[in-house]
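Visitor: I'm new here, and I'd like to know how labels get attached to a structure. Can you walk me through some?
Guide: Sure, let's have a look together.

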Amino acid sequence: MKAQNLSERDKKHLWHPLTQHKTAAAPLGIAKAAGAVFWDEEGNEYIDGIASWYTAMYGHCNEYITNAISAQMKQLDFVIFSGFTHEPAVQLSERLVKLLPDNQEKIFFNDNGSTAVEAGIKMALQYYHNKGEKRDTLIAFEDGFHGDTFGAMSASGISSYNGPFNDFLLNVKRIPTPKEDTIEEVLVQLESILQNHKCAAFIFEPLVQGAAGMKFHSVKGLDALIKKCQEHNILCIADEIMTGFGKTGKNFASEYLENKPDIICLSKALTAGIFPLSITSCCKAVFDAFLSDEVHKGFFHAHTFSAHPLGCAAALAGLDLLESPEILERRTYIKNAHEHFVNEIKGHLKVGNARCMGIIMAIDLKIEMERYGNLRDELYRFLMDRGVILRPLGNTIYVLPPYVITNNQLHEIYDVITELLETF
Ligand SMILES: *Cc1c(COP(=O)(O)O)cnc(C)c1O
């Protein structure tokens, strides 16, 4: 009997994320990865054009990172973070606080993006609770995405994910993202929410909404919204889980802002895409609101694997690379190449809005389609058949490559996109 391949064996017991198993194609068995490339079981090559959901920025199986994890594993594999601490966590806090916006002082660990957001929301709610104030409403952008746990889902505005749970979510009031010419309008909407509700926090993806289809908004507009919220003593939570670690051109999108968020959520590229780990950082005022002789005013939120030493070791190695001359050169090359390509295809009949920022490039196709519809799947197949992994978000195709992608690989992606524009 012929041995079954991974896709066939997978079918028997596995349930995949974001998948309608009745109609979805079988998942592809991946056997190996290096740099910006995956190989399937049959040895076919695929370029990872989205850095595995914006995580593997220094490339897959990067030896500098894997060696750091391996060394840490032999020294101290794991210890719980309640009542204990360790070198990689301490060092990571020291280095990150230096790199993050000036007001960030304290680092709280979780183990994925959603729970980093969850902790940020809980910090904001308890911040007011500890001060004897009940504030029961959050403010968030339409079309935002913040994760799949209940608090994070509540903050998310993309309804295709949340339908069955809508009756069970936190109170959230939504505002549109500001464009250069709608800033005043959005401020008026915010003002009216502030007057009619007891708001605890404003949570947002700064400058780029990832899951919404790499939608950009105005720096000036976001700055004005944060300013208004902070004037009303409302905590601002920047979800930098996608934007963090260099994607927008600066290390953090918040660096473009004059008004700094009170709380910042980090994950994904934090550990160079190798290990699930996340951080919720905050300013001193937030941390101080939990200091008390009353035990229950502390932040009683924990996940077993918080501050995992292997994740921290990966994160430290990632920070070494982030601003290394080699990676800085790549960051600049990709940014320039994106700008060039966007200019080139901007006038194409099937291209609506084409845009880029840092190493993020996105094109809205002038083709009607559903977020998870058949045509979207056809586009996906078309790209995969040509050895390029991109995941169209509705009619948006975006490229967010690992920094280590080679020039040839990057231009191969552009060529396949150009071919797609000619085909559909
Ligand atoms: C991916 C993502 C999350 C959720 O992170 P998970 O690790 O998948 O739970 C939250 N916010 C943003 C902006 C993200 O891109």
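**Strands, a helix and some salt bridges**

Guide: Start with strand β7, where I203 is the bridge partner of A140. Keep in mind that this is a predicted model.

Visitor: What makes β5 and β7 a pair of strands?
Guide: Pairing takes at least two bridges. Strand β5, residues 137-141, has four bridges to β7, so the two count as paired, in the parallel sense.

Visitor: Which strand does β7 join through F204?
Guide: That's β10, where A238 is the bridge partner of F204. Strand β10 covers residues 235-239 and runs parallel to β7, with four bridges joining them.

Visitor: Why is β7 called mostly covered?
Guide: A residue is buried when its relative accessible area is under 20%. In β7, residues 199-204, six of six residues are buried, so "mostly covered" fits.

Visitor: How do you know that the length of helix α9 agrees with what is expected?
Guide: Helix α9 has 13 residues, 219-231, and at 1.5 Å a residue it should span 18 Å. Its end C-alpha atoms are 18 Å apart, so the two values agree.

Visitor: What do the buried residues of α9 pack against?
Guide: They pack against β5, β6, α8, β7 and β10. Among the buried residues of α9 are L222, L225 and I226.

Visitor: What caps the N-terminal end of α9?
Guide: S218 does, with a side-chain oxygen 3.3 Å from the backbone nitrogen of K220. A polar contact needs N or O atoms within 3.5 Å, so that distance is inside the cut-off. After the helix comes N233, whose phi is positive, near 65°.

Visitor: Why is the contact of K297 with E294 called a salt bridge?
Guide: The cut-off is 4 Å between a side-chain nitrogen of Lys or Arg and a carboxyl oxygen of Asp or Glu. For K297 and E294 the closest N and O atoms are 3.8 Å apart, so the pair qualifies. E294 has a relative accessible area of 40%, so it is partly exposed.

Visitor: How do you know whether R355 is buried or exposed?
Guide: Its relative accessibility is 8%, and buried means under 20%, so R355 counts as buried. R355 also meets D364 in a salt bridge, at 3.2 Å from N to O.

Visitor: What about R376 and D377?
Guide: They form a salt bridge too, with the closest N and O atoms 3.4 Å apart. R376 is buried at 6%, while D377 is partly exposed at 35%. A search of the whole structure finds 13 salt bridges.

Terms used. Residues numbered from 1 in each chain as written. Predicted model: local features only at pLDDT ≥ 70, side-chain atom pairs only at ≥ 80, totals over all residues. Heavy atoms only, no water. Buried < 20%, exposed > 50% of the residue type's maximum accessible area, 1.4 Å probe, protein only. Expected span 1.5 Å × (residues − 1). Contact = heavy atoms within 4.5 Å. Polar contact = N/O pair within 3.5 Å; in protein donor to acceptor, adjacent residues only side chain to side chain.
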